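The following exercises concern one molecular structure. Please work through each task before reading its solution.

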Amino acid sequence: MLTPTQLLALREVVATGSLRTAARKLGFTPSAVSQQISSIERAVGVKLFERTPRSVRPTPAGIQLARRATRLLADLEAAEDEMRSFASAQRGRLHLGSFWSAGFKLVPALLAAFLRDRPDVDIRYQEGDPPVTVPAVLDGRLDLAVVFEYGTVPHSNWQSDLDLTLLLEEPLYLLLPTGHRLAHRKRVQISELADERWICFLEDTDAARSLFRICAASGFHPDVLFRTNDYNLPFELVRRGLGIAIVPELAMIESSDVHVIRLADPSHVRRVSAVRRAADPNPLLDQAIAMLRTAADGVDQRWLRAELPVAL
């Protein structure tokens with residue numbers, strides 16, 4: 001198989017009509033260039049030049065191979081440039097997944113920046129909770145996912161073959177209708193809510209498991225009447241006095257007639273992280289995670305800063 005060095009030598013000798021001139025342009029000796037030409041002729045089994053004591057003249061075969069060499073070397077140079085663009089994170093693939101509230105508040109800035117500044121990157125996004133996105137990262141369908149983990153529902157199995165970068169630790173909040181019997185209190189015991197009607201996320205979700213574990217720690221099993229995975233609906237149901245709910249910071253919205261109480265237990269949090277395969281060398285991932293961290297730092301945690309009553 002011909003080598004790039006052989007093709008370079010052939011191209012320059014045909015272009016200049018001189019072994020000596022070609023050698024000077026390539027930084028070789030004339031003898032080295034001559035040896036490269038001879039090795040090509042042995043490899044392809046045909047004479048490429050007519051040699052005289054004072055000159056070399058390409059044969060038709062030499063002219064044709066030089067044309068091909070020019071195209072092949074241009075393709076090789078383009079391939080090298082392409083690989084350098086991959087290494088510099090100007091090309092490549094970034095397939096990203098995220099759960100809804102992070103997708104709404106953290107991901108859009110990243111998507112906009114990549115589409116604007118890296119038009120040659122294949123960037124795609126899909127929404128999904130961790131039971132969907134974490135396996136997709138592990139099997140390579142996703143390169144990166146934004147996931148959550150409730151303090152009361154840890155996921156030790158996520159550590160295997162994965163790297164997690166903490167983006168945000170958000171507190172949980174209790175939502176009561178403003179006319180609720182406990183809405184005037186500065187301190188509320190979770191156990192005082194044992195007889196309430198609860199609004200909860202779907203049964204087989206970590207949000208639901210978190211609620212049940214929080215209530216179990218206070219000695220009761222919550223009576224869940226309404227289940228939804230819509231982050232907005234609990235606020236409307238609470239506002240109408242149909243029940244109470246617990247939601248994380250990223251899911252908080254402005255809603256009239258809803259009284260907000262912060263859960264004081266430090267384990268009552270939701271950790272938001274970016275997860276990638278530990279062995280993935282994709283240079284786009286570090287930049288994407290840095291953008292997500294910047295977006296997380298800019299999240300308006302107005303509820304965290306507010307002087308709210310607390311639930312113990």
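Two exercises with worked solutions follow.

This is a predicted model in which local features need pLDDT of at least 70, side-chain atom pairs count only at pLDDT 80 or more, and totals for chains, interfaces and linings use all residues. Residues are numbered from 1 along each chain as its sequence is written, and side-chain values use heavy atoms, with hydrogens and water left out.

**Exercise 1.** Determine how strand β12 is paired and whether R270 is buried or exposed.

Solution.
1. Strands are DSSP runs of E with at least two residues, numbered from the N terminus; two of them pair if DSSP finds at least two bridges between them.
2. Strand β5 (residues 144-150) runs antiparallel to β12, with six bridges; R271 is the bridge partner of E149.
3. Strand β6 (residues 162-177) is also antiparallel to β12, through nine bridges, and R277 stands opposite L162.
4. Buried means under 20% relative accessible area, exposed over 50%, partly exposed in between (1.4 Å probe, protein chains only).
5. Eight of the nine residues of β12 (residues 269-277) are buried, so the strand is largely enclosed by the rest of the structure.
6. R270 lies in β12 and counts as buried because its relative accessibility is 0%.

**Exercise 2.** Identify the contacts of R270.

Solution.
1. Contact means heavy atoms within 4.5 Å. Not counting residues up to four places away in sequence, R270 touches, among others, F99, F148, Y231 and P248.
2. A polar contact is a pair of N or O atoms within 3.5 Å; within protein, one must be able to donate a hydrogen and the other to accept it, and residues adjacent in sequence count only if both atoms are side-chain atoms.
3. The side chain of R270 has a polar contact of 2.6 Å with that of E170 and one of 3.2 Å with that of S101.

Technical notes:
Helices (H or I, at least four residues) and strands (E, at least two) are DSSP runs, numbered from the N terminus.
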